[in-house]
Amino acid sequence: MINAILVDDEVHWIQELSLLLKEYCPGVQIISQHTSSQEGLEAIKKIKPDLVFLDIEMPGMTGFELLGALDNISFAVIFTTCYDRYAIQAIRFSALDYLLKPVDAKELIRAVKKAEDKKQAPVADQFKMLLSQVRDKDFNKVAVPTLEGFELIPAAQLLRCNANDNYTCFYLKNKNKIVACRTLKEIEEQLSDFKYFVRVHHSHIVNLNEVVKYVRGEGGHLILSDGSFVNVSKSRKDKLLSMLYPSRH
């Protein structure tokens, strides 16, 4: 069983999440529920749960501030929030998980399954990174989950991403390659707020700032600043060209 704590200042959201967990995630045992961020903080320190469902927008102390008040974070966190562009952007960049309200059952199952995987458990650097991004909206590092932990890299140093089954290879300007424990679809979502990253093929995401040439063809292909070739799928060609040459579209 996964011992979980729910922290949200709105009772109806806690009730809804509790019902969904009981119906769809029987492996999660709700140990306590709190509508006060301060009470939630004290419960986390005392109970030491495996998982915390944490609302972001709360009076007195936000979910981010609650995490910042902890000396050690040894549990998984799933944030729950209504849409907040900057908060979601920070969560994505840190490779942490979140659920949008109202919570979708399928998304809940997916998030809990990830929390069950020990390899997906967050590390202290992820939370430090998250809090740095919340304070500084120009923070531009990305957390890349690897088998050993997480690599924190400046987004601008990333040339391209290539799918490899359930893993993704990150190719950097310094010639290094990092293998991430995420599908390309998950990486695409994580990078979605960086407008210069574009998926050009079912297997490729590229940094448009590093494209030096487009070669025509059915879909064509790109040549990047490191000399690498990346195929472009026919279905994604028009969107790519409209971004590379906006004056022609």
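Let's start at Ser203: this residue is buried, with a relative accessible area of 16%. That counts as buried because the cut-off is under 20% relative accessible area. Keep in mind that we're looking at a predicted model.

Where does Ser203 lie? You'll find Ser203 in the loop between strand 11 (197-201) and strand 12 (204-207). Leaving aside residues up to four places away in sequence, Ser203 touches Cys161, Asn162, Ala163 and Leu184. Val144 sits 59 residues from Ser203 along the chain, and the C-alpha atoms of the two are separated by 18 Å.

**Aromatic rings**

Next up, the rings. How many aromatic pairs does the structure hold? There are 4. One aromatic pair is made by Phe194 and Phe197, and it is edge-to-face, with 6.0 Å from centre to centre and 80 degrees between the planes. Phe194 counts as buried, at 9% relative accessibility, and Phe197 is buried too, with a relative accessible area of 10%. Add Tyr196 to Phe194 and Phe197 and you have one aromatic cluster. There's also a charge over a ring to look at: Arg160 lies over the face of Tyr171, at 3.8 Å from the ring centre.

Here are the buried residues met up to this point:

| Residue | Relative accessible area |
|---|---|
| Phe194 | 9% |
| Phe197 | 10% |
| Ser203 | 16% |

**A hairpin**

Now back to the part of the chain that holds Val144. Strand 6 (residues 141-145) and strand 7 (residues 150-154) run antiparallel, joined by 5 bridges. Within this pairing, Pro145 stands opposite Phe150 in strand 7. Strand 6 and strand 7 form a hairpin with 4 residues between them, and Gly149 in the turn has a positive phi of about 160 degrees.

**The open sheet and its helices**

Further back in the sequence there's a parallel sheet to trace. It's an open sheet of 5 strands in the order 2-1-3-4-5. Which strands are at the edges? Those are strand 2 (28-34) and strand 5 (97-100), each of which pairs on one side only. From one strand to the next, the twist averages 25 degrees.

Take strand 4 (residues 76-81) as an example: 4 bridges join it to strand 5, and the two run parallel. Thr81 stands opposite Leu100 in strand 5.

Helices pack against this sheet as well. Helix 5 (residues 105-116) touches strand 1, strand 2, strand 3, strand 4 and strand 5, and its direction makes about 165 degrees with that of strand 5. Helix 1 (residues 11-24) lies across strand 1 (2-7), strand 2, strand 3 (51-55) and strand 4, running at about 170 degrees to strand 2.

**Nonpolar cores**

In soluble globular proteins, nonpolar side chains tend to be buried together. Here, the largest nonpolar core has 27 residues, and the members that touch the most others are Leu54, Leu67, Phe79 and Leu130. Several elements each supply at least two residues of this core, including strand 1, helix 2 (37-47), helix 3 (63-68) and helix 6 (124-135). Which helix gives the largest share of this core? Helix 4 does, with 4 residues.

Zoom in on Leu67 and you'll see contacts with Leu54, Ile73, Phe75, Val77, Phe79, Phe127 and Leu130, not counting residues up to four places away in sequence. A second, separate core of 19 residues includes Ile14, Leu17, Ala76 and Val112.

How values were computed. Residues are numbered from 1 along each chain as its sequence is written. This is a predicted model: local features need pLDDT of at least 70, side-chain atom pairs count only at pLDDT 80 or more; totals for chains, interfaces and linings use all residues. Side-chain values use heavy atoms; hydrogens and water are left out. Two strands pair if DSSP finds at least two bridges between them. Axes are lines fitted to C-alpha atoms, for helices over the stretch in contact, and angles run from 0 to 180 degrees between N-to-C directions. Contact means heavy atoms within 4.5 Å. A nonpolar core is a set of buried Ala, Val, Leu, Ile, Met, Phe, Trp, Tyr and Cys residues joined through side-chain atoms within 4.5 Å. Buried means under 20% relative accessible area, exposed over 50%, partly exposed in between (1.4 Å probe, protein chains only). Rings of Phe, Tyr and Trp (its six-membered ring) pair if their centres lie within 6.5 Å; planes under 30 degrees apart count as stacked, over 60 as edge-to-face and the rest as tilted. A charge sits over a ring if NZ of Lys or CZ of Arg is within 6 Å of the ring centre and within 35 degrees of the ring normal.
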